[in-house]
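Open the model in your viewer and keep the sequence panel beside it. Each stop below says what to select and what is there.

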Amino acid sequence: MLQNKKTSFSLLLFQIILCFKMAKSFGLRDLKGHLLLFFKYEEKDLENKVLSEENYMEELMFKELYSTFNLGIPNQNLKFHYDMNNYETYISEEFYFTKRSTTYKLLEKNDSKGFLSRELLDFSENIKLQNFTFFLKPKKSIYINSIGLNLYSNNINNSLSFLSSLKKSNLIQQKVFSYLFGDESFSDSKAYDGQLLLGYYPHDISPDFDDEGLQFYSVKDKFKKWSIEFDTVKYNDDELANKIVEYDINLNLVIGPNKFRKKLTSDFGFFKEFIDNKKCKENYFINKKDNETYIFYSFDNDIQFKEVPKLFFYSKELNETFKISFADLFIRYRNRYYFKVIFKKKPFNNWVLGQIFLNNYKFVFDLEERKIGYYKTYSKENHPIIVLICFAVFGLIFLIGYCKGYSYKVANKPIAPVNIRKEYEQAPIDNNNNKKENPKKIKDKKEKKE
């Protein structure tokens, strides 16, 4: 009896754990009018490569997100990167062959951008975009296949926008997108690094996003990119003059304004001591994507910092102070440390933040309303407490139910069957089927035989 009691309790505990493990996916709302596109990071495996300092920083600068879709009939499987700097979509002739497709249509020639084209884009068996519009670039161009997610001005033909095409085809409800990383992902598939949600706000789909904590920043008309002008930007206690921040999801580093670089290298700057002791080197590399020259800093392996500075970005509209520690801005490669903030050699007054920022904070981008939404992080901080409370409540409920069930069993009364989801039907079961008969029943059987 004691063994059965332990087994029953173990089964109940196992079911509780599974319930909480699967609760996230159970809580997702299946709304029509949205797309969930799975993406991966472009793999570079820099740790196992022997590169010069310049080549290493050039390779480290971008960590592109991409998805693969079928294009045209017969299908050509293409890799697409997501681009927050352009609103148009580009495809290179190096990867896509128009002569092989029966559905390709040439619309017009644009001398600066390529051939304006139309094709059939196949997301899945049941989801297809008939009028997928893009610019076809020649093989020699630096363009890779990219889907544009940037803002567009009102005087531009917005039919070239990917989100506009999706909405016009009734594949999405709103021209809204958000990147879902890590714990915020709607799926735990190890085959992908995250998802791009199109068409709805994340809180419309998942209860993990708190709409009551959602704050908005209206992107100013003068900005041609997804940008926020913060009210205050501080380096420790020093307020910095440059307050405009641009976003680039593929950027694996931070691009800083020139004034910040001068502050770091000035007589009392954070880098000055290491530069004087020749433990810090200033160097350059050329980025082939924009043909810009960038300044970067590398340090000897034995350096020791007396302090760890921080960057603070405060927005009144978003009601939040965003923090970046310098400890997160250094990376080690082949016995040297590299500062992950780089600077354009040409005068540049803005910040450009990428995955270092967007991976740690929950943002959503509304193309239609030209605004950026931010989910405050306090709901995430309270999440462990909520889980513990839920565990305690569920444990108490099941304990009471178990005690009642055990008392019924002692009284030889049948226990009502428990309905569980199919996912839990593989729970461990007790293989010990040897049951002891009631002594009274054995005695009755003997008397009947006699």
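A salt bridge here is a side-chain nitrogen of Lys or Arg within 4 Å of a carboxyl oxygen of Asp or Glu. Keep that cut-off in mind for the first stop. The model on screen is a predicted one.

**Stop 1: D366**

Select D366. It is found in strand β25, which covers residues 362–366. Which side chain of opposite charge is nearest to D366? It is K371, 4.6 Å away. The cut-off is within 4 Å. D366 therefore has no salt bridge, although it is buried.

Now show the side chain of Y201. The side chains of D366 and Y201 make a polar contact at 2.6 Å. Expand the selection around D366. Leaving aside neighbours within four places in sequence, its contacts are K175, V176, Y201, W226 and K371.

**Stop 2: the largest nonpolar core**

Nonpolar side chains tend to be buried together in soluble globular proteins. Select Y179, Y247 and F363. In the largest nonpolar core, which has 84 residues, these three touch the most other members. Then colour residues 128–137. This is strand β7, and it gives the most to this core, with 5 residues.

Centre the view on Y247. What does Y247 touch, not counting residues up to four places away in sequence? M84, N85, W226, I228 and F230 are among its contacts. So are L353, F357, L358, F363, F365 and I372. W226 also appeared in the list for D366.

Next, pick L60, F296, F348 and V352. They belong to a second, separate core of 17 residues.

**Stop 3: strand β23**

Select residues 341–344, strand β23. In a regular strand the side chains alternate between the two faces of the sheet. Are the faces of β23 covered or open? Both are covered. V341 and F343 are buried on one side, and I342 and K344 are buried on the other.

Add residues 254–256, strand β16. It runs parallel to β23, and 3 bridges join the two. Look for G256, which stands opposite F343.

Then add residues 292–300, strand β18. It runs antiparallel to β23, with 2 bridges between them. Here I295 has F343 as its bridge partner. F343 is thus a good residue to keep labelled: it faces G256 in β16 and pairs with I295 in β18.

**Stop 4: an open sheet**

Strands of a sheet pair through backbone hydrogen bonds, either parallel or antiparallel. Select strands β14, β13, β19 and β20. They form an open sheet of 4 strands in that order, with antiparallel pairing. Which strands stand at the edges? They are β14 (238–239) and β20 (320–325). Each has a single partner strand, so one side of each is left without a neighbour in the sheet.

Zoom in on β13, residues 232–235. It pairs with β14 over 2 bridges. K234 stands opposite E239 in β14.

Move along to K310 in strand β19, residues 310–315. K310 counts as partly exposed, at 37% relative accessibility. Draw a line from its C-alpha atom to that of S325. The two atoms are separated by 4.4 Å, though the residues are 15 apart along the chain. Not counting residues up to four places away in sequence, K310 touches K234, Y235, N236, I324, S325 and F326.

**Stop 5: salt bridges**

How many salt bridges does the structure hold? There are 18.

Begin with E53 and K281. Their closest N and O atoms are 3.0 Å apart. E53 lies in helix α2 (residues 53–60) and K281 in strand β17 (residues 280–287), so the pair ties together parts that are 228 residues apart in sequence. E53 counts as buried, at 12% relative accessibility, while K281 is partly exposed at 39%.

Go to K222 and E229. This salt bridge has its closest N and O atoms 3.8 Å apart. K222 counts as exposed at 57%, and E229 as partly exposed at 29%.

Return to E239, the residue opposite K234. Its side chain meets that of K243 in a salt bridge of 3.3 Å, N to O. Both ends are partly exposed: K243 at 24% and E239 at 47%.

Finish by selecting E53, K281, D300 and R336 together. Salt bridges that share partners join them into one network.

Note on methods
Residues numbered from 1 in each chain as written. Predicted model: local features only at pLDDT ≥ 70, side-chain atom pairs only at ≥ 80, totals over all residues. Heavy atoms only, no water. Buried < 20%, exposed > 50% of the residue type's maximum accessible area, 1.4 Å probe, protein only. Lys, Arg positive; Asp, Glu negative; His and termini not counted. Polar contact = N/O pair within 3.5 Å; in protein donor to acceptor, adjacent residues only side chain to side chain. Contact = heavy atoms within 4.5 Å. Pairing = 2+ DSSP bridges. Core = buried A, V, L, I, M, F, W, Y, C linked by side-chain atoms within 4.5 Å.
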